[in-house]
Amino acid sequence: MRHVLFMAFLLLVPLGAMAQTLYVAQTDDGYLNMRAGPGTRFDVIRRLSPGDRVDVEETLGRWYNIRLSSGERGWVSGNYLERGEKRAGTVLFVKQTSDGYLNFRAGPGTSHRILRRVYPGDRLVPLRTQGDWIAVRHATGAEGWVHGAYVSR
């Protein structure tokens with residue numbers, strides 16, 4: 001009987017004590033939706049970028065309840081998580097600007113057309129540099145250029 005009670009106790013222990021660190025894999029969309037619950041019917045609460053580190057706290061089928069380093073929690077499909085180390089220096093973040101956004105341009109300079117706006121906290125993957133300008137890939141998969149003064153690691 002004690003053995004049965006002990007096994008039942010182990011099954012009820014929160015998985016937080018057994019958290020596993022995984023990383024967001026590359027996706028066709030360039031991001032992974034983090035949701036309020038375990039399924040696509042739940043609201044998207046944020047988008048995660050390839051290489052983002054997550055701590056798995058619980059699983060429900062193929063859905064993983066995760067915690068980010070910020071402490072934020074949500075659910076993601078386990079199909080898009082992988083083991084491995086995040087490569088150092090592969091992510092940049094848009095800094096706060098006086099305009100509230102940063103222009104994402106077609107080329108390295110202000111004479112190039114603006115493709116879109118990117119916002120503080122957006123993740124960018126650096127591709128190459130030219131002077132003070134950095135060619136980057138946005139979480140949406142779009143590629144463009146930003147000035148290096150407005151991004152940080």
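I take a salt bridge to be a side-chain nitrogen of Lys or Arg within 4 Å of a carboxyl oxygen of Asp or Glu. I am working from a predicted model.

**Entry 1: salt bridges**

I looked up Asp-55 and Arg-53 to begin with. Their side chains meet in a salt bridge, with 3.6 Å from N to O. That value is within 4 Å, so the pair qualifies. Asp-55 is buried at a relative accessible area of 10%, whereas Arg-53 is partly exposed at 46%.

I then turned to Arg-67, which forms a salt bridge with Glu-57; their closest N and O atoms are 2.6 Å apart. Arg-67 sits in strand β5 (residues 63-67) and Glu-57 in strand β4, and I noted that the pair, ten residues apart, links distant parts of the chain. Glu-57 counts as buried at 13% relative accessibility, while Arg-67 is partly exposed at 24%.

My next pair was Glu-143 and Arg-137, whose closest N and O atoms lie 3.1 Å apart in a salt bridge. I found both partly exposed, Glu-143 at 45% and Arg-137 at 30%. Elsewhere, Arg-53, Asp-55, Glu-57, Arg-67 and Arg-73 are joined into one network by salt bridges that share partners. I count six salt bridges by the rule above.

**Entry 2: the whole chain**

I listed one helix and 14 strands for the protein chain. The chain has 153 residues, and 35% of them are buried. Its accessible surface comes to about 9600 Å², and carbon and sulfur atoms hold 49% of that. I took contacts between residues at least 6 apart in sequence, and 53% of these join residues at least 24 apart.

**Entry 3: nonpolar cores**

Which residues make up the largest nonpolar core? I found eleven, among them Leu-22, Val-24, Leu-32, Leu-48, Val-54 and Leu-81. Strands β1 (20-24), β2 (32-35) and β4 (53-60) each give two or more residues to this core. A second, separate core has ten residues, including Leu-92, Leu-102, Ile-134 and Val-151.

I looked at Val-24 on its own. Beyond its neighbours within four places in sequence, Val-24 is in contact with residues including Leu-32, Leu-48, Pro-50, Val-54, Tyr-80 and Leu-81.

**Entry 4: His-138 and the hairpin**

Is His-138 buried or exposed? I have it as buried, because its relative accessible area is 9%, under the 20% limit. His-138 lies in strand β12 (residues 133-138). Its side chain makes a polar contact of 3.2 Å with that of Asp-122. Past four places in sequence, the residues in contact with His-138 also include Phe-104, Arg-116 and Leu-124.

I followed β12 to its partner. Five bridges join β12 to strand β13 (residues 143-147), and the two run antiparallel. Trp-133 has His-147 as its bridge partner in β13. The two strands form a hairpin with four residues between them, and Gly-141 in the turn has a positive phi of about 100°.

**Entry 5: Arg-128 and Gly-37**

I placed Arg-128 in strand β11 (residues 123-130). Arg-128 is partly exposed at 48% relative accessibility. Among its contacts more than four places away in sequence are Trp-133, Ile-134 and Trp-145. The C-alpha atoms of Arg-128 and Trp-145 are separated by 9.4 Å.

I ended with Gly-37, in the loop between β2 and β3 (44-48). Gly-37 is buried, with a relative accessible area of 2%. Not counting residues up to four places away, Gly-37 touches Phe-42 and Trp-75. Its C-alpha atom is 9.4 Å from that of Tyr-64, 27 residues apart along the chain.

Definitions and conventions
Residues numbered from 1 in each chain as written. Predicted model: local features only at pLDDT ≥ 70, side-chain atom pairs only at ≥ 80, totals over all residues. Heavy atoms only, no water. Core = buried A, V, L, I, M, F, W, Y, C linked by side-chain atoms within 4.5 Å. Buried < 20%, exposed > 50% of the residue type's maximum accessible area, 1.4 Å probe, protein only. Contact = heavy atoms within 4.5 Å. Polar contact = N/O pair within 3.5 Å; in protein donor to acceptor, adjacent residues only side chain to side chain. Areas by Shrake-Rupley, 256 points an atom, 1.4 Å probe, with all protein chains shown as cover. Pairing = 2+ DSSP bridges.
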